[in-house]
Amino acid sequence: MKKLPAILLAVVITFSACTTGEVEKVFVNANGYTFKNDSLITFSTLVVKDGKVQEVGGDALAETASGQVTDLQGKTVLPGLTDAHAHV
């Protein structure tokens, strides 16, 4: 039951990114995790455009990104397809 808010947040981000005529969306103050080349990457800012994650980064990205900003208030984000057997 503790995972339900994180799952719901992922669904909201996915569907909000799938609208047409879309502006860039910037999600800040996230507790984010993703993988790149089998390495775990943590981030606090997520940029989505045209339904795709464009970039993840830290506070510097939040300061330079433009678009509709949403404060995630420290909620956990796991964008994209994640290997179901990865250990975090």
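**Two open sheets in a predicted model**

Of the 88 residues that make up the chain, 26% count as buried. The model described here is a predicted one, and a good way to meet it is to start with the whole chain before turning to single residues. The accessible surface amounts to about 6,300 Å², and carbon and sulfur atoms account for 56% of that surface. Among the contacts with a separation of 6 or more, 55% join residues that lie 24 or more positions apart.

The chain contains two helices and seven strands. Followed along the sequence, these elements come in the pattern α-β-β-β-β-β-α-β-β. The strands discussed below belong to two open sheets, one of four strands and one of three.

The four-stranded sheet is arranged in the order β5-β4-β1-β6, and its pairing is mixed. Strands β5 (52-57) and β6 (68-71) stand at the edges; each has a single partner strand, so one side of each is left without a neighbour in the sheet. From one strand to the next, the twist averages 20°. Within this sheet, β4 and β5 run antiparallel to each other and are joined over five bridges.

Strand β4, which spans residues 45-49, offers two residues worth a closer look, and V47 is one of them. Is V47 buried or exposed? With a relative accessible area of 4%, V47 is buried, because this value falls under the 20% limit for that class. Opposite V47, in β5, stands E55. The pair V47 and V26 shows how the fold brings distant parts of the sequence together: 21 residues separate them along the chain, while their C-alpha atoms are 4.6 Å apart in space. When neighbours within four places in sequence are set aside, the contacts of V47 include E24, K25 and V26 on the one hand, and K52, V53, Q54 and E55 on the other. L61 and A65 are also in contact with V47.

T45 lies in strand β4 as well. Its relative accessibility is 1%, so T45 counts as buried. Where does the side chain of T45 reach? It comes to the backbone oxygen of G58, at 3.0 Å. Leaving out neighbours within four places in sequence, T45 touches V26, F27 and V28, along with E55, V56, G57 and G58, and also L61 and A62. Several names recur from the surroundings of V47, among them V26, E55 and L61.

The three-stranded sheet has the order β3-β2-β7, again with mixed pairing. Here the edge strands are β3 (39-43) and β7 (76-77), each of which pairs on one side only. Strand β2, covering residues 31-36, pairs with β3 in the antiparallel sense, over five bridges. Two of the bridge partners can be picked out in the structure: Y33 has T42 as its partner in β3, and G32 has F43. The hairpin formed by β2 and β3 has two residues between the strands, and in this hairpin N37 adopts a positive phi near 50°.

The pairing of β2 with β7 is of the parallel kind and involves two bridges. Which residue of β7 is the bridge partner of N31? That partner is T76. In this sheet, then, β2 has an antiparallel link to β3 and a parallel link to β7.

How values were computed. Residues numbered from 1 in each chain as written. Predicted model: local features only at pLDDT ≥ 70, side-chain atom pairs only at ≥ 80, totals over all residues. Heavy atoms only, no water. Buried < 20%, exposed > 50% of the residue type's maximum accessible area, 1.4 Å probe, protein only. Contact = heavy atoms within 4.5 Å. Areas by Shrake-Rupley, 256 points an atom, 1.4 Å probe, with all protein chains shown as cover. Pairing = 2+ DSSP bridges. Axes fitted to C-alpha atoms, helices over the stretch in contact; angles between N-to-C directions. Polar contact = N/O pair within 3.5 Å; in protein donor to acceptor, adjacent residues only side chain to side chain.
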